[in-house]
Amino acid sequence: MIYLDNSATSPIDEEIRDAMLPYLSEEFGNPSSKYYCKATTAKAAVDSAREKVAKLMGASPEEILFTAGATESTNFIIKGYMDYRRYYGDGRNHVITSLVEHKATLNTCRYLNGELYSNNDPTISLSGERKVVDRGYEASYVGVNQNGEISIDEIKAAVKENTALISMIYVNNEVGTISNVSAVSEICIGNCIALHSDLTQALGKRKIDVKELGIDYASCSAHKIYGPKGIGAAYVKSDAYGIEPITALVHGGEQEFGFRAGTHAVHNIVGFGKAAEIALRDMERNERYIKQLDDLLLHEMANIEGIRPTVAQDKRVPGIVSLLVDRDNFHNERFIKKVSEDVALSTGSACSAGEPSYVIQALGLKNMVSKVLRVSINKYTTEEDIRRFTELLKKYI
């Protein structure tokens, strides 16, 4: 099968799998235990992985908290920071985000804003009544232009005296647009606002330095950089006084510096550490290779009438290509089902499966949602894969 759905998840690297295996067999110790060798070996493995993930992000090891993934990290950061700021800080209770965020961010902000009762049916209570609940927080949502770039002017206009946090995705998971995080950081610094960024689709694909970007909090996952599922990290900035204050995610033991209690999944943490090490080691080579395949895909698509990228090439990260197939006989879901034995790709985010893409609608393409394909490339993709996919698309339309 041609695998072109890497924004949903990536295949696990053999080096990473091999690094994990000992911690699923003989090295099964609990790193929170003491003194005996299996416990100390496990603790050393967790510490080493933390250093590797921190290095990939330009952070310090003590600023990396292991979680179950980027969704958990995002929930922890937005809810935890807003809770702490409102009840233990200066009382600020307003969060700003964009209309093209991952659902982990959007639905967390909607929940705080009193809009969301469940992921399945926003603003509907268990009794079926539609209403908004006052949870004591406010949320504002800013728009984007036709290339998916978040409006800096709208962010400036949305800032209020009670704004505590801005959450902005770095690389969009559906169209690949790179956000101007540094410009938003300047707004935050000038208004005593914290900045959170979802780095999931940027990690390992481009150089990241959270300090240079001016990010206070960040989320990421291992399974988008050829690591295991079920493990991610939250970056929580520290200063001379220690880690920035934030309410704990899980109360219990003192794992993850007291912010997330529970026994460490050592094998997954080791896998994430190895994935970060490999990503940093091979980043330049992988960037070049994926860019070549990205160029090839666009070249092949240019030869098919009615197909174009939804956003400009210079506005997005190579490897995430959103294609608009403007042909009367084309429907993305039907196409994906028809070719499902031969190629794996998607219409958009895996976390929004079965729903019209709100990201594509935000780009001003509301009437074209059913004509968009997301093609996402990995380091194992070949030129032959791209050409075979092109032929399947030509044959279909």
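**Figure 1. Phe330, a buried ring and its partner Tyr396.** In this predicted model, Phe330 has a relative accessible area of 2% and is therefore buried. Its partner ring belongs to Tyr396, and at 19% relative accessibility Tyr396 counts as buried too, because the cut-off is under 20%. The ring centres of Phe330 and Tyr396 lie 5.8 Å apart with the planes at 90°, so this is an edge-to-face pair. Phe330 comes from the loop between β12 (320-325) and α9 (332-338), while Tyr396 comes from helix α11, so the contact ties together parts 66 residues apart in sequence. Look for Phe335 as well: with Phe330 and Tyr396 it forms one aromatic cluster.

**Figure 2. Tyr226 and Tyr380, a pair linking distant parts of the chain.** How many aromatic pairs does a search of the whole structure find? There are eight aromatic pairs. The rings of Tyr226 and Tyr380 have centres 5.8 Å apart and planes at 80°, so they meet edge-to-face. Tyr226 sits in the loop between β7 (217-221) and β8 (232-236), and Tyr380 in the loop between β14 (372-376) and α11 (383-396), 154 residues apart. Is each ring buried or exposed? Tyr226, at 12% relative accessibility, counts as buried, whereas Tyr380, at 39%, counts as partly exposed.

**Figure 3. Tyr111 and two charged side chains.** What lies over the face of Tyr111? One visitor is Lys79, at 5.1 Å from the ring centre. Arg135 also places its charged end over the ring of Tyr111, 3.9 Å from the centre.

**Figure 4. An open sheet of seven strands.** Following the sheet across, you meet the strands in the order β2-β8-β7-β6-β5-β3-β4, and their pairing is mixed. At the edges are β2 (64-67) and β4 (138-142), each of which pairs on one side only. On average, neighbouring strands here are turned by 20° against each other, direction ignored. Strands of a sheet pair through backbone hydrogen bonds, either parallel or antiparallel. Strands β3 (residues 94-98) and β5 (residues 163-167) run parallel and are joined by three bridges; here Val95 stands opposite Leu165 in β5. Strand β5 also pairs with β6 in the parallel sense, over three bridges, and Ser167 is found opposite His196 in β6.

**Figure 5. Strand β6, enclosed by its surroundings.** Why is β6 (residues 194-198) described as largely enclosed by the rest of the structure? Five of its five residues are buried, so the strand is largely enclosed. In a regular strand the side chains alternate between the two faces of the sheet. Here Ala194, His196 and Asp198 point one way from β6, while Leu195 and Ser197 point the other way, and all are buried.

**Figure 6. Helix α8 and its bend at Asp282.** Helix α8 runs through residues 266-302, 37 residues in total. Its end C-alpha atoms are only 47 Å apart, although a straight helix would reach 54 Å at 1.5 Å a residue. Where does α8 bend? Follow the helix to Asp282, where α8 bends by about 65°.

**Figure 7. Val311, a buried loop residue.** Val311 lies in the loop between β11 (307-309) and β12. With 4% relative accessibility, Val311 counts as buried. To get your bearings, find Gly136: Val311 and Gly136 are 175 residues apart in sequence and 37 Å apart in space, C-alpha to C-alpha.

Terms used:
Residues numbered from 1 in each chain as written. Predicted model: local features only at pLDDT ≥ 70, side-chain atom pairs only at ≥ 80, totals over all residues. Heavy atoms only, no water. Helix = DSSP H or I, 4+ residues; strand = E, 2+ residues; numbered from the N terminus. Expected span 1.5 Å × (residues − 1). Bend = angle between axes of the 7 residues up to and from the residue. Phe/Tyr/Trp six-rings, centres within 6.5 Å; stacked < 30°, edge-to-face > 60°. Buried < 20%, exposed > 50% of the residue type's maximum accessible area, 1.4 Å probe, protein only. Lys NZ or Arg CZ within 6 Å of the ring centre and 35° of its normal. Pairing = 2+ DSSP bridges. Axes fitted to C-alpha atoms, helices over the stretch in contact; angles between N-to-C directions.
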